Amino acid sequence: MMPLIKCPECDHEILARIGTICPSCGHTISYFEGDKNRKRYGKFFALSLIIPFFSFIMILLTSPFKSALTVATVVYVILAYMSSPLRFKEIFFTTFEKIFFWSIWLLSNALLVTMLYNLFNK
């Protein structure tokens, strides 16, 4: 038997399963309801996909100008720290997740550091 929870809208008892619709108010149980780690996992997943792309575009657009490239490099370092798997290590459930996210982070940052090295030494 699935556990029952109270609807956050009307306090009617409903199933705790994702996709359950409350018969009283029509509220639907979503993936991010209830569990704090789910919200952090979703945030980390979005950061790990968006920040490397944003950093690449930012560095690419500022590459003709040394001063702008320096500022973009500082912003890139800050963003790389914000998206580091070290800051989100408590949300990983399996070793596969750790290896997967570390490999994405290391690969994207290695490519960006190589690009920066080549831009500063041209």
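The lining of the largest cavity has six nonpolar residues, four polar ones and no charged ones. The model that holds this cavity is predicted.

**The cavity**

By the rule used here, there is one cavity of 30 Å³ or more. The largest cavity has a volume of about 40 Å³. Its lining is made of I51, P52, S55, Y76, A80, S83, W105, S108, N109 and L112. Three elements give two or more residues each to that lining: α1 (36–62), α2 (66–82) and α3 (95–120). Which element gives the largest share? That is α3, with four residues. Rolling a probe the size of a water molecule over the atoms shows where empty space is left.

**Two helices side by side in a table**

Here are the lengths and spans of α2 and α3.

| Helix | Residues | First to last C-alpha | Expected at 1.5 Å a residue |
|---|---|---|---|
| α2 | 17 residues | 24 Å | 24 Å |
| α3 | 26 residues | 37 Å | 38 Å |

The span of α2 is close to the expected value. The span of α3 is also close to its expected value.

**Helix α2**

Now look at burial in α2. Its buried residues are L69, A72, T73, Y76, L79 and A80. Seen down the axis of α2, these buried residues fall within an arc of 130°, so they line one face of the helix. An α-helix has 3.6 residues a turn, so residues three or four places apart point the same way. On the other side of α2, S67, V71 and Y81 are exposed. Two of the buried residues come back in the cavity: Y76 and A80 are buried in α2, and Y76 and A80 are also among the lining residues.

**Helix α3**

In α3, the buried residues are E97, F101, S108, N109, L112, M115, L116 and L119. Among them, S108, N109 and L112 are buried, and S108, N109 and L112 help to line the largest cavity.

W102 also lies in α3. Is W102 buried or partly exposed? W102 has a relative accessible area of 28%, so it counts as partly exposed. Its C-alpha atom is 6.4 Å from that of P85, and W102 and P85 are 17 residues apart along the chain.

**Helix α1**

L49 is found in α1. Its relative accessibility is 48%, so L49 counts as partly exposed; the cut-off for exposed is over 50%. How far apart are the C-alpha atoms of L49 and F101? They are separated by 10 Å, while L49 and F101 are 52 residues apart along the chain. F101 is one of the buried residues of α3.

**Regions from the record**

UniProt, in an unreviewed entry, places the feature "transmembrane region" at residues 44–62, 68–88 and 100–120. In the model, residues 44–62 are 100% helix and 0% strand. The end C-alpha atoms of 44–62 are 26 Å apart. Residues 68–88 are 71% helix and 0% strand. The end C-alpha atoms of 68–88 are 30 Å apart.

**A loop residue**

One last residue lies outside the helices. Where is D11? D11 sits in the loop between β1 (4–6) and β2 (13–15). D11 has a positive phi of about 65°, although it is not a glycine. D11 has a relative accessible area of 54%, so it is exposed.

Technical notes: Residues numbered from 1 in each chain as written. Predicted model: local features only at pLDDT ≥ 70, side-chain atom pairs only at ≥ 80, totals over all residues. Heavy atoms only, no water. 1 Å grid on protein atoms, 1.4 Å probe; cavity = no way out; pocket = protein on both sides within 12 Å on 5 of 7 lines; lining within 4 Å. Points joined across faces, edges and corners; volume = space filled by probe spheres on them. Nonpolar A, V, L, I, M, F, W, Y, C, P; charged D, E, K, R; others polar. Expected span 1.5 Å × (residues − 1). Buried < 20%, exposed > 50% of the residue type's maximum accessible area, 1.4 Å probe, protein only. Arc of directions from axis to C-beta. UniProt positions renumbered as here; feature names shortened; annotations may be inferred.
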